[in-house]
Amino acid sequence: MKRLREDDWPDLRSMRLKALKSDSSVFASSYEKESAMTEADWKRRLQTENDAAIFLLYEDDVPVGMTGIGVDRNDSTKRRAILWGSWLEPRLRGKGLSHLMFAERIAWARQHPTIERITVFHRASNAAARHAILKHGFLATQELDELWPDGTCEKQICFALTVKVDH
């Protein structure tokens, strides 16, 4: 697992576009939108300072999985982080590798000076995501109606995990 820096943008681009093409229904974006992004756009995505991190999982120097975490832009206190963008090569699913992704992001959040709680969302039909989220201690908080980029209206399930308690 590697935390990406700005010069890793080609690996992020290839992995993200592969994921969007393969499993478009699980993302809140589209292949068409992101394939039009420029090198500067990809580099900007990786200019996260200390408020976000994007990780890639590699197999023999080839990216096979991705995941991200960032401070919730809607939280001015910076106490909440959001997990996003997780994807793993289909041939590697069911082998426990999502645990590495969760562990890396939860550790990042615990080390962050302000984050106390992590939230994550998934499409109701994504049973694998639900299983992994629950396995890592997250608790369901709400269900929202969502119009997904593929035009489908389906529930979005929201979960939260407390990583630190501020006293």
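I take a residue as buried when its relative accessible area is under 20%. By that cut-off I checked β7 of this predicted model, and seven of its ten residues are buried, so I noted β7 as mostly covered.

**Entry 1: the sheet**

I traced the strand order next. The model has an open sheet of seven strands in the order β1-β2-β3-β4-β5-β7-β6, and the pairing is mixed. I looked for the edges and found β1 (2-3) on one side and β6 (139-147) on the other, each paired on one side only. I then looked at what lies on the sheet. Helix α4, residues 98-111, packs on it and touches β1, β2, β3, β4, β5 (117-123) and β7 (153-162). I recorded an angle of about 30° between the direction of α4 and that of β3.

**Entry 2: β7 and its partners**

I went back to β7 for its pairing. β5 and β7 are antiparallel and are joined by seven bridges. For a register mark I used Thr 119, whose bridge partner in β7 is Ala 160. With β6, β7 also pairs in the antiparallel sense, over eight bridges. Here I marked Glu 146, which stands opposite Glu 154 in β7. The connection of β6 and β7 is a hairpin with five residues between the strands. I checked phi in that turn and found Gly 151 positive, at about 90°.

**Entry 3: β3 and its partners**

I looked up how covered β3 is, and nine of its ten residues are buried. I followed its pairing with β2 (residues 52-59), which is antiparallel and extends over eight bridges. I noted two register marks: Ala 53 is opposite Ile 69 in β3, and Tyr 58 has Pro 63 in β3 as its bridge partner. The hairpin of β2 and β3 has two residues between the strands, and I found a positive phi near 50° at Asp 60. I then turned to β4. β3 and β4 run antiparallel and are joined by six bridges. In this pair I marked Val 71, which stands opposite Ala 81 in β4.

**Entry 4: Thr 67**

I picked Thr 67 in strand β3. Is Thr 67 buried or exposed? Its relative accessible area is 1%, which is under the 20% cut-off, so I list Thr 67 as buried. I searched for polar contacts of its side chain and found one of 2.6 Å to the side chain of Ser 86. Leaving aside neighbours within four places in sequence, I listed its contacts as Ala 53, Ile 54, Phe 55, Trp 84, Gly 85, Ser 86, Met 101 and Arg 105.

**Entry 5: Asp 72**

I moved on to Asp 72, in the loop between β3 (62-71) and β4 (80-88). I expected to have to check exposure for a loop residue. The relative accessible area of Asp 72 is 9%, again under 20%, so Asp 72 counts as buried. A polar atom of its side chain lies 2.8 Å from the backbone nitrogen of Asn 74. Not counting residues up to four places away in sequence, I found that Asp 72 touches Arg 80, Ala 81 and Ile 82.

**Entry 6: Ile 118**

I took Ile 118 in strand β5 as a third residue. Its relative accessible area is 0%, so Ile 118 is buried under the 20% cut-off. Which residues does Ile 118 touch, not counting those up to four places away in sequence? I listed Ile 69, Ala 81, Leu 83, Ile 106, Ala 109, Phe 138, Phe 159, Ala 160, Leu 161 and Val 163. I also looked up Pro 90, which is 28 residues from Ile 118 along the chain, and the C-alpha atoms of the two are separated by 26 Å.

**Entry 7: α1 and α3**

I closed with a helix pair. I looked up α1 (residues 9-22) against α3 (residues 39-46): the angle is about 100° and the axes are 9 Å apart. That falls within 65 to 115 degrees, so I call α1 roughly perpendicular to α3. From α1, I found Trp 9, Leu 12, Arg 13, Arg 16 and Leu 17 at the contact, and they meet Glu 39, Trp 42, Lys 43, Arg 45 and Leu 46 in α3. Sorting the residues of this contact, I got five nonpolar, no polar and five charged.

How values were computed: Residues are numbered from 1 along each chain as its sequence is written. This is a predicted model: local features need pLDDT of at least 70, side-chain atom pairs count only at pLDDT 80 or more; totals for chains, interfaces and linings use all residues. Side-chain values use heavy atoms; hydrogens and water are left out. Helices (H or I, at least four residues) and strands (E, at least two) are DSSP runs, numbered from the N terminus. Buried means under 20% relative accessible area, exposed over 50%, partly exposed in between (1.4 Å probe, protein chains only). A polar contact is a pair of N or O atoms within 3.5 Å; within protein, one must be able to donate a hydrogen and the other to accept it, and residues adjacent in sequence count only if both atoms are side-chain atoms. Contact means heavy atoms within 4.5 Å. Axes are lines fitted to C-alpha atoms, for helices over the stretch in contact, and angles run from 0 to 180 degrees between N-to-C directions. Angles under 35 degrees count as roughly parallel, over 145 as roughly antiparallel, 65 to 115 as roughly perpendicular and the rest as oblique. Ala, Val, Leu, Ile, Met, Phe, Trp, Tyr, Cys and Pro count as nonpolar, Asp, Glu, Lys and Arg as charged, and the others, Gly among them, as polar. Two strands pair if DSSP finds at least two bridges between them.
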